[in-house]
Structure formats: structure tokens, C-alpha cells
Amino acid sequence: MDNPQRAVDRRQTMILFKDVSKVYGNGVAAINKLNMRIYKDEFVFLMGASGAGKSTLIKLLMKEEEPTTGTISVNSRDLSKIRKGSVQKYRRKIGVVFQDFRLLEHKTVFGNVAFAMEIMGKSRKEIQEKVGAALSLMGLSKKADEYPRNLSGGEQQRVALARAIVNSPKILIADEPTGNLDPANAEQIMYLLDLINSQGTTVIVATHAQEMARRMGRRILYLDHGVRNEELSVGDQANHVSDVMKDPGVNPVNVSASFNENAIEAYGAEEDVYGTLFTEDAIDDTERGSSDE
Amino acid sequence: MIRKGEAAMSKIRAFFYIIKLSLENLIKNWYMLLASVFVLFTGMYIMGTLMLTSDNISAILSEQAEHPEVEIICRSEMSDDDCLSVYRVILSDERVSSAHMNTKADNFEKMKEILQGYEELFQYEDAQSDVLYVSFDVTLKSASALEGFSTDMRKVTGVEEVQDNDSIYKYFRGISKIVRTGTIVALIVMGFLSVLLTVNTIRLTVVARKKELRIMRDLGASYAFMRGPFIAEGVTIGLLGAVLSFFAVKATYNYIARVMQRSDSALRSIINLKPFCSYSAPLIGGFILAGLLVGLVASMLAIRKYIDTERDDDK
């Protein structure tokens with residue numbers, strides 16, 4: 001059952017691509033006149049063959065690349081107007097997860113997640129509190145002192161997810177997050193992404209896992225150097241879970257039980273972690289950033 | 001107000017985090033740290049030594065330019081009394097500032113002093129002061145008068161020789177020119193080598209931390225935060241090189257000064273080294289500035305190149 005306020009929020013545009021094209025120096029046109037709108041709080045899948053422009057789209061969103069033509073707006077802000085010195089501040093509002101996890105081998109699970117806060121000069125107390133909550137949400141509290149090499153692929157991806165959300169981003173981008181995982185772990189990750197989305201974070205997942213995307217019952221954008229087609233899939237279990245989880249009164253542990261037994265097997269999210277991670281204060285922190293450019 | 005305080009605290013924490021990271025990097029790549037510091041040390045040591053040598057030679061030359069000295073030697077067959085006429089000619093010359101007469105006995109004593117250890121030479125019957133000559137130490141009012149005065153004195157009856165040390169000072173001027181040129185060449189070569197090796201040291205750590213940097217960039221770390229550890233690393237290398245070379249130059253200089261003290265009086269009268277303390281402040285200041293400059297330039301070059309090409313790696 002949807003919260004009415006959320007239904008209104010959902011109509012607010014978070015990301016807008018207007019006639020965006022990207023042609024690389026070697027003449028390859030990765031994206032051609034792409035028009036796309038993603039709403040606030042929305043969970044969107046980006047699908048398409050290799051080379052269809054998914055990675056380029058993510059790079060454009062991360063402002064790693066500039067569009068050759070067209071405009072991109074995020075939260076009503078034209079990305080081309082962001083000065084070079086402010087690009088990093090902008091990136092702090094975006095959490096990102098990759099297929100290859102990108103964890104630091106010499107840091108523990110806790111250290112990897114804390115790293116995202118340390119580089120912003122957060123206090124030790126705040127780091128302890130938020131990292132603890134993020135790990136708890138990901139079911140990794142007991143693995144805090146382990147090194148990535150001792151973790152399974154699914155656990156490593158959950159560490160990457162914890163790191164991506166620990167600074168309470170407005171947008172979470174996952175580039176093939178389940179590409180290196182077995183189906184059970186892939187489902188866990190999808191469940192967690194859904195959980196994060198339910199707390200108001202716009203989630204964009206680039207994936208080849210078509211079947212899983214359909215089962216999630218979320219909007220799918222098919223990319224072929226531009227949006228070729230849009231499809232709102234009608235999911236089964238997953239669709240039900242997504243809706244149920246938006247009810248603030250529902251305990252996530254119970255929700256996960258109705259989602260898929262396999263998906264929650266390896267972890268147990270604690271019910272009070274949202275309060276720590278997704279409060280308005282936390283979002284304010286992200287807004288503030290540190291003026292160290 | 002609270003937000004300003006938090007921002008300031010966050011900057012302080014970030015600063016200490018940067019220092020911690022740079023120290024970790026330096027310890028991890030200690031062999032390259034040693035190599036960089038050694039090159040910087042060698043460069044500064046050579047430059048420092050050359051500069052002090054050049055300055056001392058300049059001091060000697062300027063002393064000579066201000067107070068040119070001439071030694072006038074009379075014929076050995078002339079007695080002390082015979083030479084008084086020459087002394088009168090010298091004193092009456094307007095170009096002369098002061099003059100001192102060394103009798104045959106004075107010069108004999110000087111010779112004995114110089115030939116210490118060869119006392120047997122003076123045991124012969126005819127080894128008397130009488131075999132030596134009378135000489136005059138003359139200080140002129142200006143260096144421009146040196147050549148004319150020497151020429152005039154050579155014409156005076158009884159004068160055997162006029163030593164104006166011009167050849168010695170020409171020799172010093174030659175050395176000074178070589179040292180100055182050498183300092184400039186050393187400055188360019190060693191400066192270039194120091195920057196090159198420091199760039200490579202820092203680049204090694206940049207490459208080793210490539211993944212970490214990419215993660216930092218994705219997480220939104222500020223550019224200052226990403227560059228900070230490498231700049232701190234370069235600055236540390238520069239400072240270490242500066243301090244070590246300062247002490248090495250000091251030790252070398254003091255050693256040479258001690259050797260000069262023990263040398264014969266003739267050499268000591270010409271070469272009088274300035275005390276090292278007169279160089280301490282400008283030398284350590286200059287070294288630290290040069291070290292900081294090399295460290296900063298090297299680290300900026302190393303990071304700029306990497307950060308500019310980093311995006312290409314992802315394509």
C-alpha cells in the first residue's frame with residue numbers, strides 16, 4: 001500500500017535527459033538523442049546489449065563525461081552548470097556500486113565502508129554510528145573485521161552497497177551489481193536495493209538480468225544508443241514486496257520473509273538501522289558536504 | 001555557526017587523515033623515498049658547497065679589490081740601512097695607504113717558521129739572516145693603482161722584485177668564474193634530476209593507489225583530499241633532503257675551516273674562510289625553500305599527469 005505523499009513525490013523528476021548525445025573522440029556514438037526521465041524515489045532498470053550506452057549513461061550521470069549535445073538535469077540542476085571544483089560535491093549525492101565491487105583489499109569491511117566517510121572528514125563517532133548501521137542493514141555486522149578476500153562475492157557486493165549508502169545519497173547507481181554473483185546472491189542484492197529505494201533513494205540499476213528485472217516489477221528502460229522502448233513490468237512476488245516495504249510500519253525483516261526465503265538467508269537486517277542511516281539529518285549532511293574544493 | 005564549526009572540524013580531520021596517508025605511503029615505498037632524498041641531498045650538497053666556495057672566493061677578491069697588497073723585495077746584497085731609501089720612496093708615494101718593513105732578520109724568522117721540521121738547514125755556518133733580503137708589505141689605497149705602482153716600484157734602485165699577487169688573484173677570479181658557472185649548471189642538472197626522481201617516487205605511490213583514487217573520486221572526495229597525501233609526500237622528501245644536506249654542508253665546511261687553520265700562514269693570510277654561522281640562516285632557509293619547491297613541483301606533476309589520464313582508463 002503506497003503512502004499518498006510518496007505517490008506525489010514520485011512524480012517529481014530526479015533525472016532528466018533531454019536530447020542527449022555522446023560521441024567519443026574516436027567517432028563512436030555511444031548515445032544518440034536520448035530523452036529520459038526518472039522520478040524521485042523511483043527504481044529503474046537500464047537494460048540493453050553490450051555497447052548500448054549503459055555505462056556511458058552512468059558516466060554522464062556521474063559527470064565523468066560531458067554530453068556532446070543535449071542537457072542532463074539532476075534534481076532540477078543542469079549538470080553542465082556544475083563547475084569543475086564542485087563536481088566532487090555533486091558526486092557525494094550519488095552512491096555507486098560496480099560489478100567488480102571495487103573494495104580496498106588492505107582495509108577491513110568496516111574500513112572500506114568507513115573510507116567513504118573518512119574522505120569527507122566525518123568524526124570518528126559519526127563514522128562508528130553510521131558504518132555500524134549500514135553494515136547492520138546489509139547483514140554484515142559480524143563480518144566487520146574481515147578483509148574482502150575472506151568474503152563471498154555476494155558479501156563483497158553488500159559491503160560495496162553499504163559504502164554506497166553510508167553517506168545517505170539521493171541517487172544510487174548500480175552498474176551490473178549482480179554480474180559476478182550466483183542467483184541467490186543476486187536476489188539478495190536486488191532485495192537490498194529495493195530496501196534502499198523504499199527509504200527514498202532513487203535507484204538506477206544497469207543490468208543484463210532481464211528475468212530478475214521483470215520479476216522486480218519496476219520500470220525498465222531499454223537502451224540502444226538511446227531509449228528504444230520503455231516497459232513497466234508486472235512482477236509477481238517482487239512487485240508485492242516493493243509495495244509492502246513502502247509502508248513505514250512494516251518491519252523489513254518480516255518483509256524480506258515474504259520476499260524470498262533464499263534472499264535473506266545470509267543476513268538479518270535490524271529494524272532500527274533506518275533511523276540512523278536515512279534520517280533527514282543524514283540527508284542534510286550530504287547536502288552540506290564539506291567546502292574543501 | 002554550528003555548520004561552520006563542523007566544516008572546520010571536518011577540514012582538520014581531513015588534514016590529519018592526509019598526513020597519515022602520506023606517512024603510510026612513504027613507509028611503504030621507503031626505498032624510493034631514500035633514492036629521492038639521496039638525489040635531492042646530493043644536489044643541494046653540491047650546490048651548497050659550490051655556493052659557499054664561490055662566496056668565499058668573492059670575499060677574498062673583494063678584500064683584495066678594497067685593499068690591494070704588494071710585496072716589494074730588495075736585492076739581497078742590500079743591508080737593512082741601504083733599504084731605508086726604498087722605504088722612503090714607498091712612504092712618499094700618494095697611492096700608498098700603509099707600509100711595513102720586514103728586515104732581513106724578520107724574514108729569516110719567517111723562513112724558519114715556514115721550514116719547521118727542517119731545522120738542520122739552519123745549522124750551517126753561513127745560514128744567517130744576512131743571506132736573505134729586506135722586504136716591504138705595502139697596502140695601496142685602491143686596486144686601480146696596483147699596476148702603475150708595481151711598474152714604478154720595479155724601476156726604483158735596489159728593488160729586486162715586486163709581487164703584487166695579481167697572478168694569484170687572476171687565478172682566484174678564474175676559479176670563481178668556474179665555480180659560479182658550476183653552481184648554475186649544478187642547479188639546473190640537479191634540480192631537474194631531483195624533480196624527475198621525486199616525480200617517479202610519487203608516481204609509484206599514485207599507481208599503487210590507483211584503485212583507491214578511483215574509489216575516492218567515485219565517492220566524491222575533494223580534489224584537494226585526493227592530491228593532499230601526494231603533495232605531503234613530496235614536501236616531506238623535499239624537507240628531508242634540505243635538512244640532511246644542510247648538516248652535511250656544515251660538517252664539510254667546518255672540516256675545511258679546521259684544515260685551513262692548521263695550514264701555513266701564507267695561505268691563511270690569503271684565504272680566510274668566513275665563519276659558518278654567517279651562512280646558517282640563509283643556507284637552511286634556501287635549502288628548505290628549494291626542497292619545498294622541488295617537492296611541490298614534483299608532486300603536482302606526478303598527480304596532474306595521473307588524474308588527467310585517469311578517466312581514459314575507464315573508457
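What follows is a walk through a predicted model, going from chain A as a whole to a pair of helix contacts, the nonpolar cores, the contact between chains and a few individual residues.

Let's start with chain A. It has 12 helices and 10 strands, and buried residues account for 48% of its 293 residues. Take the contacts in chain A between residues at least 6 apart in sequence: 69% of them join residues at least 24 apart.

Now zoom in on helix α4 of chain A, which covers residues 109-118. Nine of its 10 residues are buried, so α4(A) is largely enclosed by the rest of the structure. The buried ones are Val109(A), Phe110(A), Asn112(A), Val113(A), Ala114(A), Phe115(A), Ala116(A), Met117(A) and Glu118(A).

One partner of this helix is α5(A), residues 124-137. The two helices pack at an angle of about 125 degrees, with their axes 9 Å apart. Angles from 65 to 115 degrees would count as roughly perpendicular and those over 145 as roughly antiparallel, so α4(A) is oblique to α5(A). Their crossing is right-handed. If you want to find the contact on screen, look on the α4(A) side for Val109(A), Phe110(A), Val113(A), Ala114(A), Met117(A) and Glu118(A), and on the α5(A) side for Glu126(A), Ile127(A), Lys130(A), Val131(A), Ala134(A) and Leu135(A). By type, that contact breaks down into nine nonpolar residues, three charged and no polar. As background to the spacing of residues along a helix, an α-helix has 3.6 residues a turn, so residues three or four places apart point the same way.

A second helix pair in chain A makes a handy comparison. Helix α6(A), residues 153-165, packs with α7(A), residues 183-198, at an angle of about 15 degrees, and their axes are 9 Å apart. An angle under 35 degrees counts as roughly parallel, and α6(A) and α7(A) are therefore roughly parallel to each other. This crossing is right-handed. From α6(A) come Gly153(A), Gly154(A), Gln157(A), Arg158(A), Leu161(A) and Ile165(A); they meet Asn185(A), Gln188(A), Ile189(A), Leu192(A) and Ile196(A) of α7(A). Here the mix is five nonpolar, five polar and one charged.

Next, the nonpolar cores. In soluble globular proteins, nonpolar side chains tend to be buried together. In this model the largest nonpolar core has 123 residues, and those with the most contacts inside it are Leu46(A), Val113(A), Val131(A), Ala134(A), Leu135(A), Ala162(A) and Ile173(A). Helix α2 of chain B, residues 30-66, brings the largest share of this core, 13 residues. Apart from it lies another core, of 14 residues, including Ile72(B), Cys83(B), Phe136(B) and Val159(B).

Val113(A) deserves a click of its own. Leaving out residues up to four places away in sequence, Val113(A) touches Val131(A), Ala134(A) and Leu135(A), along with Val159(A), Ala162(A), Arg163(A) and Val166(A). You have already met Val113(A) in the contact of α4(A) with α5(A).

How do the two chains meet? In this model, 20 residues of chain B are in contact with 20 residues of chain A. On the chain B side, α1 (2-28), α7 (210-219) and α8 (223-262) each supply at least two residues. Helix α1(B) gives the most, with seven residues. That side of chain B divides into 10 nonpolar residues, three polar and seven charged.

While you're at helix α8 of chain B, stop at Gly228(B), which is found in it. With 22 C-beta neighbours inside 10 Å, Gly228(B) counts as buried. Its C-alpha atom is 5.8 Å from that of Ile18(B), although the two residues are 210 apart along the chain.

Finally, two backbone oddities in chain A. Most residues other than glycine have a negative phi. Asp19(A), though not a glycine, has a positive phi of about 50 degrees. You'll find Asp19(A) in strand β1, residues 13-23, and with 13 other C-beta atoms within 10 Å, Asp19(A) is partly exposed. Lys33(A) is not a glycine either, and has a positive phi of about 45 degrees. Lys33(A) lies in strand β2, residues 29-39, and counts as partly exposed, with 15 C-beta neighbours inside 10 Å.

Technical notes. Residues are numbered from 1 along each chain as its sequence is written. Chains are lettered from A and ligands numbered from 1 in the order in which they are written. This is a predicted model: local features need pLDDT of at least 70, side-chain atom pairs count only at pLDDT 80 or more; totals for chains, interfaces and linings use all residues. Axes are lines fitted to C-alpha atoms, for helices over the stretch in contact, and angles run from 0 to 180 degrees between N-to-C directions. Helices (H or I, at least four residues) and strands (E, at least two) are DSSP runs, numbered from the N terminus. A crossing is left-handed if the near helix is turned anticlockwise from the far one by less than a right angle, and right-handed if clockwise. Two residues are in contact if their C-beta atoms, placed from the backbone, lie within 7 Å. Ala, Val, Leu, Ile, Met, Phe, Trp, Tyr, Cys and Pro count as nonpolar, Asp, Glu, Lys and Arg as charged, and the others, Gly among them, as polar. A nonpolar core is a set of buried Ala, Val, Leu, Ile, Met, Phe, Trp, Tyr and Cys residues joined through C-beta atoms within 7 Å. A residue is buried if 20 or more other C-beta atoms lie within 10 Å of its own, exposed if 12 or fewer, and partly exposed in between; C-beta atoms are placed from the backbone.
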